[in-house]
Amino acid sequence: MRVVFSDRAFAAVMAETTEKIKTETGGLFLGEVEKDTWYIIETIDPGPKSIFEVAYFEYDQQYTQHLINKIANLYDKKLNLIGLWHRHPGSFDVFSGTDDGTNTKYAGMRKEGAISVLVNIDPNFRLTVYHVAQPCRYKKISYEVGNDLIPDQYLKLKTPERYKSMMTNMLYSNERNVDLEPSVSLVSFMRLLRPKLKERRYDENINKPTGSDEEVRTKIIDSILSDIMFMSDEIGIKMAVVQEKCNVAFVQDTVDGTTKVFFAYLEADDKVVFQYEGENYLYEDGIFESIYHMIHYQVAKGGLNLQTQEDGMVFQKQLEQESRKIINGVIRLIKSDRSDN
Ligand SMILES: [Zn+2]
């Protein structure tokens, strides 16, 4: 197992260490794991409200969460949070008890675990790179630096064309006469995913969050943005992303009726939930895309039960046929209760 830093990610670790030379500091890693290699593409700085002390340091979590979403979405293939780093005083290059807790949390976020890196200056800058397996087993691993060691697909940013098509999708409103566009049906997309959603069922009550409606909607949009892009760009679903009060909804009006998927924010768990056909499900960033790929993979391998197999085939057909059938569908896009007046 090894770690490969992009030139920029490595420079960012060095820059942050230099800026906070007298105290501890740290940051978060965005990237991708492929087989035994961890590609660190971006480093997120800890933020202005972090606590920096000689032997202690804490992230500004609101800031890092915000920046993670912003930076991860710039890339063609959305980046994931795969690890973290922090500076230690002197030559202390093993983890403290507090670090064990933090590392356990990060390793628990994905089945491959996480990368946790320590920086020492004793007297020269050096890195000790650890892989953290769940729950908290450490293994020292080697690292290299260089964009030329990273597959192009992980370094590629979204193209201007992709942004233009996203802008078009988000801006067209009722007034603009765009109702002659063909679209894939939202209802067939959701039906395809439904068998895989069962384990995500959420039956608790959803309380109204305490934040302002706009804050809550921003949290929801940040979380669902990559699925919106996947559904509109890659699947070709033309739908409205309607923002109202503290909710966001996907809405598609077609000749056959209206399909809606509602999203709400669960403040206590800092999670997004969605409602489809009266059931609530726990959402996770990019989950629609992952389930879609999982189903396609299984359909291709013939490994699904009959019901889902049929759904898969029906969906494939609809992709071809319904693109004509929904010709008279109405497209309404990002319409918030603020921009209405
Ligand atoms: Zn530490």
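How many C-beta neighbours inside 10 Å does Thr159 have, and does Thr159 count as buried or exposed? With 10 such neighbours, Thr159 counts as exposed; a residue is termed exposed if 12 or fewer other C-beta atoms lie within 10 Å of its own, buried if 20 or more do, and partly exposed in between, the C-beta atoms being placed from the backbone. Thr159 lies in the loop between helix H4 (152-155) and helix H5 (160-171). Although Thr159 and Asp76 are 83 residues apart along the chain, their C-alpha atoms are separated by 7.5 Å.

The structure is a predicted model, in which local features need pLDDT of at least 70 and side-chain atom pairs count only at pLDDT 80 or more, whereas totals for chains, interfaces and linings use all residues. Residues are numbered from 1 along each chain as its sequence is written.

The protein has nine helices and 14 strands. Helices (H or I, at least four residues) and strands (E, at least two) are DSSP runs, numbered from the N terminus. Of the 341 residues, 30% count as buried. Two residues are taken to be in contact if their C-beta atoms, placed from the backbone, lie within 7 Å. Among contacts between residues at least 6 apart in sequence, 69% join residues at least 24 apart.

Strands of a sheet pair through backbone hydrogen bonds, either parallel or antiparallel. In the present analysis, two strands pair if DSSP finds at least two bridges between them. Seven strands make up a closed barrel that runs E1-E3-E2-E6-E7-E8-E9, with mixed pairing. From one strand to the next, the twist averages 35°. Strand E1 (residues 2-5) and strand E9 (residues 137-145) run parallel and are joined by four bridges; the bridge partner of Val3 in E9 is Tyr143.

Helix H1 (residues 7-19) lies across E1, strand E2 (26-34), strand E3 (37-44), strand E6 (80-87), strand E7 (114-121), strand E8 (125-133) and E9, running at about 50° to E3. Axes are lines fitted to C-alpha atoms, for helices over the stretch in contact, and angles run from 0 to 180 degrees between N-to-C directions. At 1.5 Å a residue, the 13 residues of H1 should span 18 Å, and the end C-alpha atoms of the helix are indeed 18 Å apart; the expected span is 1.5 Å times one less than the number of residues. Ala9, Ala12, Val13, Glu16 and Thr17 are buried in H1. Seen down the axis of H1, the buried residues fall within an arc of 130°, so they line one face of the helix; the arc is that of the directions from the helix axis to the C-beta atoms. These buried residues pack against E1, E2, E3, E6, E7 and E8, while the face of H1 turned away from the buried side carries the exposed residues Thr18 and Glu19.

Five further strands form an open sheet in the order E10-E11-E12-E13-E14, with antiparallel pairing. E10 and strand E14 (279-282) stand at the edges with a single partner strand each, so one side of each is left without a neighbour in the sheet. Neighbouring strands of this sheet are turned by 25° against each other on average, direction ignored. Strand E10 (residues 240-244) is joined to E11 by five bridges. In this pairing, Ala240 stands opposite Val251, and the partner of Val242 is Ala249. E10 and E11 form a hairpin with two residues between them, and Lys245 in the turn has a positive phi of about 50°. On the other pairing of E11, seven bridges connect the strand to E12 (residues 257-266), where Gln252 stands opposite Thr259.

The side chains of E11 (residues 247-254) alternate along the strand. Val248, Phe250, Gln252 and Thr254 point to one face and are buried, whereas Asn247, Ala249, Val251 and Asp253 point to the other and are not.

Two helices lie across strands of the open sheet. Helix H6 (residues 186-193) lies across E11, E12 and strand E13 (271-276), at about 55° to E12. Helix H7 (residues 213-235) lies across E10, E11, E12 and E13, at about 125° to E12. Val216 lies in H7 and is buried, with 22 other C-beta atoms within 10 Å. Leaving aside residues up to four places away in sequence, Val216 touches Pro209, Gly211, Cys246 and Tyr265. Val216 and Asn247 are 31 residues apart in sequence, yet 7.7 Å apart in space, C-alpha to C-alpha.
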